[in-house]
Amino acid sequence: MAASRVCGAGQRLLAVKRTCRPPVRCLNLHEYNSKRLMEEHGICVQRFDVAESPSQAKDAARKLKADMLVLKAQILAGGRGKGTFSSGLQGGVHLTKDVQVIEEVTKKMIGYNLVTKQTPKEGVKVKKVMVAEALDIARETYIALLMDRAFHGPVLVGSPQGGVDIETVAASNPHLIYKQPIDIFEGMTEEQALKMAQNLGFSGGVEQKAAKQIQLLYSLFLSVDATQVEVNPFGETSNGEVVCFDAKISFDDNAAFRQRAIFDLAAESEESDPVEAKAAQHDLKYIGMDGDIACFVNGAGLAMATCDIIQLHGGKPANFLDLGGGVQEGQVYQAFKLITGLAQVRAILVNIFGGIVNCAIVANGITKACRELDLHIPLVVRLEEPGLEKSLLDCKTQLAWGLTRCVAWFECLGRTRLGLN
């Protein structure tokens, strides 16, 4: 699964001793987009700008007129500060007072791959950098809001040890991880926010400021339908201000219909798998894998079972593709178009359980794909729809026209098998 689809450290903190769950597509935003959302909701962040070239980075640094600047590579992975660029540059986060240095370092960032512990081995190409005002951080803490089933709703997670890998803190000092469930109907109370601020070590009046920021984070969490809002570090400056120095916000695809503007930001992320992005445009749930047998299935459970069966019999699935319950003929065609464009795919397996899905619609989509895409690889089709044997026989006739070079088989209620050559 692509790193951009894996939810963050805060959610992994709550994943201990959980059973396996189906893959979930979680939209993640780059840090600069997350900070823009925070700004819009009154949350305190550093002044910053975004650049796509060394000259733009230099101009941004000049406009900020800050005593100290921080330059951050923008990729959808953690551990940037300790990462390595293919250019030889060490670290994806750099501090400097010199505007010229911003330009020179950006030259070694943009266009090069950054490798961190959360990226693939080859790293991720950096195409944007964020230039921000660097503030004097007196203390670093960690704060996150998550939607978690174990708590039947939102949970607030915090630690006085921030600015480091929070999973390491959880492993070595679990007593420093504080978790507080939030009643989604009542919302976060002032008392809850203040208690967490105190647990994080804020004091001397600063805890009130921290509590206010925590409440604003919760308001953001709800208003944008987030599955996670993670801030590390959630810091205290030398002059007693509380600032969100780093930001990660994740969203579930189910929120797309009412958060269109936010989900449109994903188009700006060149890190997104192009096939996944194209599939999303057609409301198809797709996750690329490293095998050579493509799968078309309806329902996440059946999709996972199909992948397991392929693996059990010595094959490797090329993808996880859930057509969904309301799939239309055009979506089936587009799914075939996406898959047949992948060089590694050597065979296609369609495994559909009807009732929720109309098998005739799926068959028509397959027929169109076979006619128009000049399919040359083996195709196995299983359509099962209780009570609709005649419909499936009609589907066989429909499909026969376009399957001259493919193999298909139909099963109806586990009783009727029809072979095509």
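A residue counts as exposed here when its relative accessible area is over 50%, as buried when that figure is under 20%, and as partly exposed in between. Keep those cut-offs handy, and keep in mind too that this is a predicted model. With 54% relative accessibility, arginine 258 is over the upper cut-off, so it counts as exposed.

That arginine is a good place to start the tour, since it has a partner. Arginine 258 makes a salt bridge with aspartate 225, and their closest N and O atoms sit 2.8 Å apart. Both ends are in loops: arginine 258 is in the one between β14 (248-252) and α8 (260-264), and aspartate 225 is in the one between α7 (206-223) and β12, so the bridge ties together parts that are 33 residues apart in sequence.

Follow the chain from that second loop into β12 and you meet another pair. Glutamate 236 forms a salt bridge with arginine 139, this time with 3.4 Å between the closest N and O atoms. Here the link runs between two strands, with glutamate 236 in β12 (residues 226-237) and arginine 139 in β9 (residues 137-148), 97 residues apart. The two partners fall into separate accessibility classes: glutamate 236 is buried because its relative accessibility is 15%, while arginine 139, at 25%, counts as partly exposed.

Now for a pair that is tucked away at both ends. Glutamate 31 and lysine 72 form a salt bridge, the closest N and O atoms being 2.9 Å apart. This one joins a helix to a strand: glutamate 31 belongs to α2 (residues 31-40) and lysine 72 to β3 (residues 69-73), 41 residues apart. Both of these residues are buried. They also have company, as Glu31, Lys35, Lys72, Arg80 and Asp246 are linked in a network of salt bridges. Across the whole structure, the search turns up 14 salt bridges.

What about disulfides? The count is 0. Take cysteine 307 as a case in point: the closest cysteine sulfur to its own belongs to cysteine 295, and at 4.4 Å that is too far for a bond, given that a disulfide needs the two sulfur atoms within 2.5 Å. Cysteine 307 is also buried, because its relative accessibility is 9%.

Cysteine 295 leads us to the parallel pairing around β18. It stands opposite leucine 349 in β18, where strand β16 (residues 293-297) and β18 pair in the parallel sense over 5 bridges. Strand β18 (residues 347-353) is mostly covered, with 6 of its 7 residues buried. It also pairs with β19 (residues 379-384), again in the parallel sense, over 6 bridges. In that pairing, valine 350 stands opposite valine 381.

How do you get from β18 to β19? The route goes through α12, and the three elements make a right-handed β-α-β unit. The helix itself (residues 359-372) has 14 residues and reaches 20 Å from first C-alpha to last, close to the 20 Å expected at 1.5 Å a residue. At its start, a side-chain oxygen of asparagine 358 comes to within 2.8 Å of the backbone nitrogen of alanine 360. Just after the helix, aspartate 374 has a positive phi of about 50°.

Which residues of α12 are buried? They are Cys359, Val362, Ala363, Gly365, Ile366, Thr367, Ala369 and Cys370. It helps to recall that an α-helix has 3.6 residues a turn, so residues three or four places apart point the same way. Two members of the buried set are at 0% relative accessibility: cysteine 359 counts as buried at that value, and so does isoleucine 366. The latter also gives a handle on the packing of the unit: the C-alpha atoms of isoleucine 366 and valine 381 are separated by 9.2 Å, with their positions 15 residues apart along the chain.

One last stop, for contrast with the parallel strands. Strands in a sheet pair through backbone hydrogen bonds, either parallel or antiparallel. An open sheet of 3 strands, in the order β4-β6-β7, has antiparallel pairing. Its edges are β4 (84-85) and β7 (124-125), each of which pairs on one side only. Between β6 (residues 113-115) and β7 there are 2 bridges, and asparagine 113 has lysine 125 in β7 as its bridge partner.

Definitions and conventions:
Residues numbered from 1 in each chain as written. Predicted model: local features only at pLDDT ≥ 70, side-chain atom pairs only at ≥ 80, totals over all residues. Heavy atoms only, no water. Salt bridge = Lys/Arg side-chain N within 4 Å of Asp/Glu carboxyl O. Helix = DSSP H or I, 4+ residues; strand = E, 2+ residues; numbered from the N terminus. Buried < 20%, exposed > 50% of the residue type's maximum accessible area, 1.4 Å probe, protein only. Expected span 1.5 Å × (residues − 1). Polar contact = N/O pair within 3.5 Å; in protein donor to acceptor, adjacent residues only side chain to side chain. Pairing = 2+ DSSP bridges. Right-handed = clockwise from strand over helix to strand, strands pointing away.
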